[in-house]
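Reader: Please take a close look at one part of this model, namely the six-stranded sheet with its helices and loops, and then place that part within the rest of the protein.

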Amino acid sequence: MMLEARELAIGYGSTEVGRGLNLDAGGGEILCLLGPNGCGKTTLFRTLLGLLPALSGAVLLGGKPISAQSRAEIARRIAYVPQAHAPPFPFEALEVVLMGRTARLGAFGQPGRQDRDIALTAMNRLGIADLVQRDYSRLSGGQRQLVLIARALAQEAPLIVMDEPTASLDFGNQAQVLAQITSLAQDEAKDGRGVILSTHDPDQAFALNAQVLLMKDGTSHAHGPAKDVLTGANLSAVYGIPVSVENTTSGRKVCLPKLEAQSAPTMTSDALTIA
Ligand SMILES: Nc1ncnc2c1ncn2[C@@H]1O[C@H](COP(=O)(O)OP(=O)(O)OP(=O)(O)O)[C@@H](O)[C@H]1O
């Protein structure tokens with residue numbers, strides 16, 4: 001396995017945010033982290049990337065503790081796609097993608113012709129060749145997200161970690177990014193790339209045919225294939241609302257929250273009577 005977490009406790013200094021977390025991520029697999037706001041997804045990501053020390057347990061990258069590896073070693077194995085925020089300075093989109101090559105260059109290396117070709121190939125693959133010379137700070141949120149995914153591709157790491165990759169995308173771009181994630185996992189290289197992503201949309205885990213780690217209060221509520229983990233009972237327990245999981249005629253599963261007000265109506269007909 002490329003990345004393993006064993007009995008991981010996560011948090012900040014003496015503040016524990018999560019515990020007892022176990023996961024594996026490897027080539028050709030997609031792992032979705034799902035759970036309510038504040039359940040610890042970002043904290044888990046930061047720990048998996050070696051940016052935050054584990055409070056206990058271990059993160060192993062390529063079989064070795066991540067805490068014993070340099071940033072450059074980690075970057076050769078994991079590419080991180082953060083949420084796309086506008087940067088304060090103008091950059092050409094191609095320059096942003098070229099930053100993915102940094103981990104592959106020596107200490108004072110400048111990107112060369114080959115790095116440029118790899119960056120352009122990554123942009124082509126994501127259908128954003130037309131953005132090469134555009135100012136990244138003036139792109140739309142969705143275009144920026146695609147540039148950051150191209151940067152991760154250019155990094156040529158076997159594992160890609162994405163923090164809510166569809167958060168700022170419109171309906172069409174969400175579908176496009178999900179299709180790209182599927183294709184990355186089935187990559188032309190024999191065993192494909194591993195992808196770990198967080199999302200707030202359980203339907204995406206079905207669409208990606210992913211493994212799911214469903215988190216609640218910093219712990220694993222359920223872990224396994226989407227069809228086993230994303231049941232109405234599990235989703236209702238974790239999100240605190242009634243949810244049903246239904247099959248569409250095309251054979252896909254979708255999660256439907258019940259939208260009626262839950263408690264008995266507080267406004268009686270008396271309240272509507274004008275005194
Ligand atoms: N730097 C920090 N120091 C202390 N506590 C923090 C810090 N950052 C986040 N937390 C706390 O850790 C908990 C988990 O937060 P985290 O950002 O990991 O959740 P999340 O699942 O990513 O949430 P969301 O879905 O809203 O992005 C929260 O209670 C949060 O307040």
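**The sheet and its surroundings**

Author: In this predicted model, helix H9 (residues 232-239) lies across S9 and S10, and its direction is about 155° to that of S10. Both strands belong to an open sheet of six strands, ordered S6-S7-S8-S3-S9-S10, in which the pairing is mixed. The edges are formed by strand S6 (78-81) and S10, each of which pairs on one side only. On average, and with direction ignored, neighbouring strands of this sheet are turned by 15° against each other.

At the S10 edge, strand S9 (residues 211-216) and strand S10 (residues 219-225) are joined in the antiparallel sense over six bridges. Within this pair, Leu214 has Ala222 of S10 as its bridge partner. Two residues lie between the strands of this hairpin, where Asp217 takes a positive phi near 50°.

On its other pairing, S9 runs parallel to strand S3 (residues 30-34), and four bridges join the two. Cys32 stands opposite Val212 in S9. These two residues also appear in the interior: in the largest nonpolar core, which has 72 residues, Cys32, Val97, Ile160, Val161 and Val212 touch the most other members. The element that gives the most to this core is helix H5 (residues 141-154), with eight residues.

Ile160 merits separate mention. With neighbours within four places in sequence left aside, Ile160 is in contact with Ala79, Val81, Ala152, Leu184, Arg193 and Val195. Strand S7 (159-162) is followed by a loop that leads to helix H6 (171-185). H6 itself lies across S3, S7 and strand S8 (194-198), and runs at about 150° to S8.

The loop between S7 and H6 contains two residues of interest, Glu164 and Ser168. Glu164 has a phi near 40°, a positive value in a residue other than glycine. Glu164 is buried because 20 other C-beta atoms lie within 10 Å, and 20 is the number at which a residue begins to count as buried. Ser168, by contrast, counts as partly exposed, with 16 C-beta neighbours inside 10 Å. Apart from neighbours within four places in sequence, Ser168 is in contact with Ala84, Gly141, Gly142 and Gln145. Ser168 and His85 are separated by 83 residues in sequence, while their C-alpha atoms are 9.7 Å apart in space.

A further positive phi precedes S9. Asn209 is found in the loop between helix H7 (202-207) and S9, and its phi is about 50° although it is not a glycine. Asn209 counts as partly exposed, with 13 C-beta neighbours inside 10 Å.

The protein also has an open sheet of four strands, with the order S2-S1-S4-S5 and antiparallel pairing. S2 and strand S5 (64-65) stand at its edges with a single partner strand each, so one side of each has no neighbour in the sheet. Strand S1 (residues 3-12) and strand S4 (residues 56-61) run antiparallel and are joined by five bridges; here Ala9 stands opposite Ser56 in S4. Helix H1 lies across S1, S2 and S4, running at about 120° to S1.

H1 also takes part in the surroundings of the ligand. The residues around the ligand are Tyr12, Thr15, Val17, Gly35, Asn37, Gly38, Cys39, Gly40, Lys41, Thr42 and Thr43. Strand S2 (15-25) and helix H1 (41-48) are the elements that give two or more residues to this shell, and H1 gives the most, with three. By residue class, the shell divides into three nonpolar, seven polar and one charged.

As to the whole, the protein has 10 helices and 12 strands, and 36% of its 275 residues count as buried. The C-alpha trace spans about 75 × 45 × 40 Å along its principal axes. Among the contacts with a separation of 6 or more, 63% come from residues 24 or more positions apart.

Notes:
Residues numbered from 1 in each chain as written. Predicted model: local features only at pLDDT ≥ 70, side-chain atom pairs only at ≥ 80, totals over all residues. Buried ≥ 20, exposed ≤ 12 C-beta atoms within 10 Å, placed from the backbone. Contact = placed C-beta atoms within 7 Å. Pairing = 2+ DSSP bridges. Near = placed C-beta within 6 Å. Nonpolar A, V, L, I, M, F, W, Y, C, P; charged D, E, K, R; others polar. Axes fitted to C-alpha atoms, helices over the stretch in contact; angles between N-to-C directions. Core = buried A, V, L, I, M, F, W, Y, C linked by C-beta atoms within 7 Å.
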